[in-house]
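Please open the model in your viewer and keep the selection tool at hand. This tour goes from one selection to the next and says what is to be found at each stop.

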Amino acid sequence: MTSQASDSNCFVRPARVEDLEAMGIAHAGAMLATLQAGSSQELPVSVSAMITPAVLASGWQEAVTNPPSPNHHVLVATQAGAVVGLAALAPDSDGDGEITALAVHTAYQRHGHGSRLLRSEERRVGKECVSTC
C-alpha cells in the first residue's frame, strides 16, 4: 500500500460487503496503534488477540449489510480504489448524528481521509458538527 494521497484519487462512499476485509484491516491497525501510543509497554497478547482484522470485519458485517435504521450509515474512505478508512454514524437522542467510529489505516493517516469521512457524515445529517464519542 502506498501512502501518497491526491485528492483526485481519494473518495468517500457507502461501505459495501466486499469492503469488510479492508475495513477490518484499517480499523484493527488504527485501534492497535492508538492503544500502543498510549502505553509505555507492549500491549498484552490478550488485547492484541481480540483486536484482529477478522474480528473487526465480522463486527462491521451487520452494520454494512443490515443497518438498524435508515439513519445509520457506514462510509469508507478510498485511495486509488483501496479502502483506507471508515466512519460510522448513528442517530442520537436529539435526532442528530453521532460518530460511533472513525478509523484510518496507519499507512494512510495525515492525508485528509479522516477529515473527508467526517465532512461526509456531517453532510448526511445536514450539520456543521456532529457529536463524537
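Begin with helix 3, where a kink of about 25° is centred on Gly59; the bend at a residue is the angle between axes fitted to the seven residues ending there and the seven starting there. Helices here are DSSP runs of H or I with at least four residues, strands are runs of E with at least two, and both are numbered from the N terminus. This is a predicted model, in which local features need pLDDT of at least 70 and side-chain atom pairs count only at pLDDT 80 or more, while totals for chains, interfaces and linings use all residues. Residues are numbered from 1 along each chain as its sequence is written, and side-chain values use heavy atoms, with hydrogens and water left out.

**Helix 3, residues 53–65**

Select residues 53–65 and look at the two ends: the C-alpha atoms there are 18 Å apart, which agrees with the 18 Å that the 13 residues should span at 1.5 Å a residue. The expected span is 1.5 Å times one less than the number of residues in the helix.

Which residues of helix 3 are buried? They are Leu56, Ala57, Trp60 and Val64, where buried means under 20% relative accessible area, exposed means over 50%, and partly exposed lies in between, with a 1.4 Å probe and protein chains only. An α-helix has 3.6 residues a turn, so residues three or four places apart point the same way. To see what covers the buried residues of helix 3, add helix 1 (20–37), strand 2 (73–79), strand 3 (82–91) and strand 4 (97–104), which are among the covering elements.

**The nonpolar cores**

Next, select Ala15, Leu20, Met23, Trp60, Val64, Val74 and Leu86, which touch the most other members within the largest nonpolar core, a group of 14 residues. Helix 1, helix 3, strand 2, strand 3 and strand 4 each give two or more residues to this core. A nonpolar core is a set of buried Ala, Val, Leu, Ile, Met, Phe, Trp, Tyr and Cys residues joined through side-chain atoms within 4.5 Å. A second, separate core has seven residues, including Val84, Ala87, Val104 and Tyr108.

**Helix 1 and two of its residues**

Now move to helix 1, whose 18 residues reach 25 Å from the first C-alpha to the last, close to the 26 Å expected at 1.5 Å a residue. Its buried residues are Leu20, Met23, Gly24, Ala26, His27, Ala28 and Ala30, and they pack against helix 3, strand 2, strand 3 and strand 4.

Within helix 1, pick out His27, which counts as buried at 13% relative accessibility. Not counting residues up to four places away in sequence, His27 touches Leu56, Trp60, Leu86 and Ala103, a contact being heavy atoms within 4.5 Å.

Then choose Leu32, also found in helix 1, which is partly exposed, with a relative accessible area of 24%. Leaving aside neighbours within four places in sequence, Leu32 is in contact with Leu43, Ser48 and Ile51. Leu32 and Leu43 are 11 residues apart in sequence, and their C-alpha atoms are 8.4 Å apart in space.

**A loop, then the whole chain**

Select His105, in the loop between strand 4 and helix 4 (113–125); His105 is buried, with a relative accessible area of 16%. A polar atom of the His105 side chain lies 3.0 Å from the backbone nitrogen of Ala107.

Finally, show the whole chain, whose four helices and five strands run β-α-α-α-β-β-β-α-β from the N terminus on. Of its 133 residues, 36% count as buried.

Technical notes: A polar contact is a pair of N or O atoms within 3.5 Å; within protein, one must be able to donate a hydrogen and the other to accept it, and residues adjacent in sequence count only if both atoms are side-chain atoms.
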